[in-house]
Amino acid sequence: MHAPRLLDHFQNPRNVGELGPPAVKVDVTNPACGDMLRLSVRFEDERVVEARFQTRGCTASIAASSALTEWMIGKSRLELRTFHAALVEEAVGVLEPASKHAAVLCVDAVKQVLLKFSR
């Protein structure tokens, strides 16, 4: 059974969609389960001012992606570097062992955004 906050993010996802240029856009996939996350992030003065997601995957991955975008808004690049899987669980409630991959997918996406943004 999923945590109530996780179900809320799944049933009422925040920040769904895609941002156009000059947003940084990345696609990440979990090869084990096939879940896919497209994350679009717009920065102004080194801070995230907008974040959008499109996820194809399980309930946990969709909810985690929604929570990720909420967490990102207002964060600096330095703060993004501190992002880790436990922050996803903090945002959505405890993830079942079979759903932990959702947090890893979010971590992978943030790492890719930082790589692409620094270019």
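This report walks through the sheet of a predicted model and the helices around it.

## The sheet at a glance

Let's start with the strands. Three of them make up an open sheet, lined up in the order 1-2-3 with antiparallel pairing. Strand 1 and strand 3 sit at the edges, each pairing on one side only. On average, neighbouring strands in this sheet are turned by 20° against each other, if you ignore direction.

## Strand 1 meets strand 2

Strand 1 covers residues 24-29 and strand 2 covers residues 36-44, and six bridges hold this antiparallel pair. To find your way along the pair, look for K25, which stands opposite S40 of strand 2.

What lies between strand 1 and strand 2 in their hairpin? There are six residues between the strands, and G34 in this hairpin has a positive phi near 90°.

## Strand 2 meets strand 3

Now for the other side of strand 2. Strand 3 spans residues 47-56 and runs antiparallel to strand 2, with nine bridges joining them. Two handy landmarks help here: L39 has F53 in strand 3 as its bridge partner, while F43 has V48, also in strand 3.

These strands form a hairpin too, with two residues between them. Check out D45 in the turn: its phi is positive, at about 50°.

## Helices on the sheet

Which strands does helix 2 touch as it packs on the sheet? Helix 2 touches strand 2 and strand 3, and its direction makes about 175° with that of strand 3.

Helix 5 goes with another pair of strands: it lies across strand 1 and strand 2. Relative to strand 1, helix 5 runs at about 145°.

## A look at helix 4

Helix 4 takes up residues 85-92, and its buried residues are L87, V88, E89 and V92. As background, an α-helix has 3.6 residues a turn, so residues three or four places apart point the same way.

So what do the buried residues of helix 4 pack against? They meet helix 1 (4-11), helix 2 (59-72) and helix 5 (101-117). Helix 2 and helix 5 have already come up above: helix 2 packs on the sheet, and helix 5 lies across strand 1 and strand 2.

Right after helix 4 comes G93, with a positive phi near 95°.

Key:
Residues numbered from 1 in each chain as written. Predicted model: local features only at pLDDT ≥ 70, side-chain atom pairs only at ≥ 80, totals over all residues. Heavy atoms only, no water. Buried < 20%, exposed > 50% of the residue type's maximum accessible area, 1.4 Å probe, protein only. Helix = DSSP H or I, 4+ residues; strand = E, 2+ residues; numbered from the N terminus. Contact = heavy atoms within 4.5 Å. Pairing = 2+ DSSP bridges. Axes fitted to C-alpha atoms, helices over the stretch in contact; angles between N-to-C directions.
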